Amino acid sequence: MSKYEEIANDIIEKIRSGIYKSGNPLPDQKTMATEYSTSRMTLQKSLAILKAKGYVYSQQGSATYVKNNADSIANMDIGVDQYVGTSSLLGKDHKVVSKIIEFNLRYPSEDEQKDLKISATDAIYDIKRLRIVDGEPYALEFTKMPVNVIPGVNDDVLHKSIYGYIQKDLKLTIGAADRTIMAKKPNNEDIKYLKIDKTDPILNVSQIVYLDDGTPFEKSSTDRSYDTGGYRVLLSHKSDF
């Protein structure tokens with residue numbers, strides 16, 4: 001992750017926590033550049049990200065202000081363009097625990113070869129995890145990753161954060177994702193691990209996630225109970241029609 005992206009994420013966290021309040025101006029650019037030990041050019045890139053995401057706005061000849069609805073945006077369930085893992089998404093205010101149900105190495109199926117752009121002899125991790133948040137079942141994850149792209153995954157990594165390992169230990173940058181979101185009926189595994197009733201609907205997210213160089217590193221499907229939050233789309237007005 002670049003310096004300006006890190007700064008943008010930190011500012012979002014300060015909006016979320018109320019340090020920067022809705023409707024109020026941010027500190028001036030010189031002050032913020034000093035605070036983050038960076039150049040004003042880098043800071044301006046961070047502010048551009050925040051403007052594009054709808055957190056702040058600028059008035060010519062004036063300060064940069066936090067939008068009135070910025071705290072709501074910062075605390076929304078999950079943006080459809082977010083590819084961070086559960087641990088990063090929920091933050092330090094929640095205890096996230098992983099229960100490893102299955103963890104195997106095997107060769108990929110034809111569909112997995114196609115989606116992950118690997119050959120029949122490229123081994124993949126086949127992972128099934130239950131994510132538990134604050135003591136309650138949160139998500140049932142089914143994940144496939146190529147070993148040659150994401151080496152070194154073990155029980156210790158799976159009990160913590162796979163995305164954290166990818167970014168911090170492997171120093172890789174996560175790029176785009178091809179994501180499908182749909183509702184479905186729960187299957188027997190959903191009922192067992194998520195502790196739900198057979199009539200409770202499930203929110204399923206299937207995705208292929210890529211590194212910033214376009215290499216696919218994850219094919220996954222995640223099931224969550226309908227009452228654990230949703231996915232929201234923030235639409236910003238760009239031009240008149």
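A salt bridge is here a side-chain nitrogen of Lys or Arg within 4 Å of a carboxyl oxygen of Asp or Glu. In this predicted model, Lys128 and Glu189 satisfy that criterion, with their side chains meeting at 2.4 Å, N to O. Lys128 belongs to strand 5 and Glu189 to helix 9 (residues 188-194), so the pair ties together parts that are 61 residues apart in sequence. The two partners are covered to unlike extents: Lys128 counts as buried, at 9% relative accessibility, whereas Glu189 counts as partly exposed, at 27%.

A search of the whole structure returns 14 salt bridges. Another of these joins the side chains of Asp190 and Lys184, at 3.8 Å from N to O. Asp190 has a relative accessible area of 0% and is therefore buried, the limit for that class being under 20%. Its partner Lys184 is partly exposed, with a relative accessible area of 27%.

A salt bridge is also found between the side chains of Glu112 and Arg106, with an N to O distance of 2.8 Å. Glu112 is buried, with a relative accessible area of 7%, while Arg106 is partly exposed at 28% relative accessibility. This pair is part of a network of salt bridges that links Arg106, Glu112, Asp126 and Lys144. In general, side chains of opposite charge can pair when their charged atoms come close.

Turning to the nonpolar interior, the largest nonpolar core comprises 17 residues. Within this core, the residues with the most contacts are Met145, Ile150, Val153, Ile162, Ile166 and Phe217. Two or more core residues are supplied by each of strand 5 (124-133), helix 7 (155-159), helix 8 (162-169), strand 7 (174-184) and strand 8. The largest contribution comes from helix 8, which gives four residues. Nonpolar side chains tend to be buried together in soluble globular proteins.

On the surface, Glu5, Glu6, Asp212 and Asp213 form a negative patch. One of its members, Asp212, is located in the loop that runs between strand 8 (202-211) and strand 9 (216-225). With a relative accessible area of 55%, Asp212 is classed as exposed, because that class begins at over 50%. Strand 8 thus appears in two settings: the strand gives two or more residues to the largest nonpolar core, and the loop between strand 8 and strand 9 holds Asp212.

Notes. Residues are numbered from 1 along each chain as its sequence is written. This is a predicted model: local features need pLDDT of at least 70, side-chain atom pairs count only at pLDDT 80 or more; totals for chains, interfaces and linings use all residues. Side-chain values use heavy atoms; hydrogens and water are left out. Patches are made of residues with over 30% relative accessible area and no salt bridge: like charges are joined within 9 Å, nonpolar side chains (Val, Leu, Ile, Met, Phe, Trp, Tyr) within 5 Å. Accessible areas come from the Shrake-Rupley method with a 1.4 Å probe; for residues, only the protein chains shown count as cover. Lys and Arg count as positive and Asp and Glu as negative; His and the chain ends are not counted. The place of a charge is taken as NZ of Lys, CZ of Arg, CG of Asp or CD of Glu. Buried means under 20% relative accessible area, exposed over 50%, partly exposed in between (1.4 Å probe, protein chains only). A nonpolar core is a set of buried Ala, Val, Leu, Ile, Met, Phe, Trp, Tyr and Cys residues joined through side-chain atoms within 4.5 Å.
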